[in-house]
Amino acid sequence: MGKDRLYRQEVQGDLLARLKRIEGQVRGVSRMIQEQRSCGEVVIQLAAIKAAISQVAMTTLACHLADELTEGLAEGKELKDIMADFMQIFRKFT
């Protein structure tokens with residue numbers, strides 16, 4: 001696996017910023033529950049967290065696919081084999 005895999009600087013910075021925001025959102029939901037805020041308000045925040053996590057996952061999956069294609073083709077792998085390997089990871093998220 002090459003040194004420029006997955007978390008290239010620009011992607012790494014974006015993902016880390018998103019994860020910090022998600023962390024803050026989760027703490028906020030915890031406070032909301034402690035304060036006995038309405039379930040509706042909590043659900044709205046949980047939906048936002050879910051969407052943010054999906055964005056992080058999709059970005060990570062896109063990087064993984066790009067890396068798998070680049071490395072696999074360079075190693076002479078068949079495209080169908082590269083995609084089969086990728087789909088195993090993709091299915092874990094979905």
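# Three helices, question by question

Mentor: Going from the N terminus, the protein's elements run α-α-α. Keep in mind that this is a predicted model.

Trainee: How many helices and strands is that in total?

Mentor: The count is 3 helices and 0 strands.

Trainee: What makes the protein more spread out than a compact globule?

Mentor: Set its radius of gyration against the globule rule. The rule gives 12 Å for 94 residues, and the protein comes to 18 Å, which is well over that, so we call it more spread out than a compact globule. You can also look at the box that the C-alpha atoms fill along the principal axes: roughly 60 × 25 × 15 Å.

Trainee: How do you know that the span of helix 1 fits what is expected?

Mentor: Helix 1 has 26 residues, and at 1.5 Å a residue the expected span is 38 Å. From first C-alpha to last, helix 1 reaches 38 Å, close to that value.

Trainee: And what about helix 2, how does its span work out?

Mentor: Its 36 residues should span 52 Å at 1.5 Å a residue. The end C-alpha atoms of helix 2 are 52 Å apart, so the two agree.

Trainee: Why is C39 called exposed?

Mentor: The cut-off for exposed is over 50% relative accessible area. C39, which sits in helix 2, has 64% relative accessibility, so it counts as exposed. While you're there, find E71, 32 residues further along the chain: its C-alpha and that of C39 are separated by 47 Å.

Trainee: Why does T70 count as exposed?

Mentor: Try the cut-off again: over 50% is exposed. T70 is another residue of helix 2, and its relative accessibility is 56%, so T70 counts as exposed. The C-alpha atoms of T70 and I82 are 12 residues apart along the chain and 9.7 Å apart in space.

Trainee: Which residues of helix 2 are buried, then?

Mentor: Among them are V42, I49, V56, L61 and G72. The list also includes H64, D67 and E68. To be called buried, a residue has to be under 20% relative accessible area.

Trainee: What covers the buried residues of helix 2?

Mentor: The cover includes helix 1 and helix 3. Helix 1 has buried residues of its own, namely V11, L15, I22, G28, V29 and M32, and helix 2 is part of what covers those. Over the whole protein, buried residues make up 21% of the 94.

Trainee: What makes the phi of Q36 worth a remark?

Mentor: Most residues other than glycine have a negative phi. Q36 is not a glycine, yet its phi is positive, about 55°. You'll find Q36 in the loop between helix 1 and helix 2. Just after helix 2, G76 takes a positive phi too, about 85°.

Trainee: Is Q36 buried or exposed, and how do you know?

Mentor: The relative accessible area of Q36 is 72%, and exposed means over 50%, so Q36 is exposed.

Trainee: What share of the contacts comes from residues far along the chain, 24 or more positions apart?

Mentor: Of the contacts with a separation of 6 or more, those residues account for 63%.

Trainee: How far apart are the mean positions of the positive and negative charges?

Mentor: The 14 positive and 13 negative charges have mean positions 6 Å apart.

Key:
Residues numbered from 1 in each chain as written. Predicted model: local features only at pLDDT ≥ 70, side-chain atom pairs only at ≥ 80, totals over all residues. Heavy atoms only, no water. Helix = DSSP H or I, 4+ residues; strand = E, 2+ residues; numbered from the N terminus. Rg over C-alpha atoms; globule rule 2.2 N^0.38 Å. Buried < 20%, exposed > 50% of the residue type's maximum accessible area, 1.4 Å probe, protein only. Contact = heavy atoms within 4.5 Å. Lys, Arg positive; Asp, Glu negative; His and termini not counted. Charge placed at Lys NZ, Arg CZ, Asp CG, Glu CD. Expected span 1.5 Å × (residues − 1).
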